[in-house]
Amino acid sequence: MAGVWVFKNNGVMQLVENPRFDYVEGKCSSKRKVLVHLPTGQVVSSYKSLDQILQNLGWERYYSGDPDLYQFHKPSSIDLISLPKDFNKFSSVYMYDIVVKNPNLFHVKDM
């Protein structure tokens, strides 16, 4: 049994089994996260668009790592961005990794 335990207003706990949903006022509501490139306001909707943005910022594709990952490295640093090959698995964890490694250039937003 996986999920998140949530306290209701009446003090009763309830297990919310789908962690991709937020529990608000007794209802589960989906809040999809998106990665936004701040200078252009563009929502990153594919690895093709992300690849173009990251390359313009000095990141290069890294092919020597795990073949199941889509990776980028910046020659001027030790940073490595590792993403799942399947864009459908591109979650907020990966988005925040990009935000941290590119300060003031990306933002994670609820849709």
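Val36 stands opposite Val43, a residue of strand β6. The model that shows this pairing is predicted. Val36 belongs to strand β5, which covers residues 33-37 and pairs with β6 in the antiparallel sense over two bridges. A second pair sits along these two strands: the bridge partner of His37 in β6 is Gln42. Between β5 and β6 the chain makes a hairpin with four residues between the strands. One of the residues to look at there is Gly41, which takes a positive phi near 75°.

Now look to the other neighbour of β5. Five bridges join β5 to β10, and these two strands also run antiparallel. His37 is useful here again, for it stands opposite Phe106 in β10. So His37 can be followed in two directions: Gln42 is its bridge partner in β6, and Phe106 faces it in β10.

Put the three strands together. They form an open sheet in the order β6-β5-β10, with antiparallel pairing. Which strands are the edges of this sheet? They are β6, residues 42-43, and β10, residues 106-110; each of them pairs on one side only. Helix α1, residues 47-56, packs on this sheet. The helix touches β5, β6 and β10. Its direction makes about 150° with that of β10.

How covered is β5? Mostly: four of its five residues are buried. Lys33, at one end of the strand's range of 33-37, counts as partly exposed, because its relative accessibility is 30%, and buried would mean under 20%.

Lys33 also has a charged partner. It forms a salt bridge with Asp110, and the closest N and O atoms are 2.6 Å apart. Why does this pair join distant parts of the sequence? Lys33 lies in strand β5 and Asp110 in strand β10, so the salt bridge ties together parts that are 77 residues apart in sequence. Asp110 is partly exposed as well, at 37% relative accessibility.

How many salt bridges does a search of the whole structure find? It finds two. Besides the pair of Lys33 and Asp110, the side chains of Asp97 and Lys101 meet in a salt bridge, at 2.9 Å from N to O. This pair has another setting. Asp97 and Lys101 both lie in helix α2, residues 92-101. They are four residues apart, about one turn of the helix. Asp97 is partly exposed, with a relative accessible area of 22%.

Next comes another sheet. Three strands form an open sheet in the order β7-β8-β9, and the pairing is antiparallel. Its edge strands are β7, residues 60-62, and β9, residues 80-84; each pairs on one side only. From one strand to the next, the twist averages 30°. Strand β8, residues 69-73, is joined to β9 by five bridges, and the two run antiparallel. For a pair to find in the model, take Phe72: it stands opposite Ile81 in β9.

Turn to the surface. Which residues form a nonpolar patch there? They are Trp5, Phe7 and Met13, with about 390 Å² of accessible area together. Met13 has its place in strand β2, residues 13-16. It is partly exposed, with a relative accessible area of 42%.

Finally, step back to the whole chain. The protein chain holds two helices and ten strands. From the N terminus on, its elements run β-β-β-β-β-β-α-β-β-β-α-β. The chain has 111 residues, and 26% of them count as buried. Its accessible surface comes to about 7600 Å², and 52% of that belongs to carbon and sulfur atoms. Contacts tell how the chain folds back on itself in sequence terms. Among contacts between residues at least 6 apart in sequence, 33% join residues at least 24 apart.

Definitions and conventions
Residues are numbered from 1 along each chain as its sequence is written. This is a predicted model: local features need pLDDT of at least 70, side-chain atom pairs count only at pLDDT 80 or more; totals for chains, interfaces and linings use all residues. Side-chain values use heavy atoms; hydrogens and water are left out. Two strands pair if DSSP finds at least two bridges between them. Contact means heavy atoms within 4.5 Å. Axes are lines fitted to C-alpha atoms, for helices over the stretch in contact, and angles run from 0 to 180 degrees between N-to-C directions. Buried means under 20% relative accessible area, exposed over 50%, partly exposed in between (1.4 Å probe, protein chains only). Accessible areas come from the Shrake-Rupley method with a 1.4 Å probe; for residues, only the protein chains shown count as cover. Patches are made of residues with over 30% relative accessible area and no salt bridge: like charges are joined within 9 Å, nonpolar side chains (Val, Leu, Ile, Met, Phe, Trp, Tyr) within 5 Å. A salt bridge is a side-chain nitrogen of Lys or Arg within 4 Å of a carboxyl oxygen of Asp or Glu.
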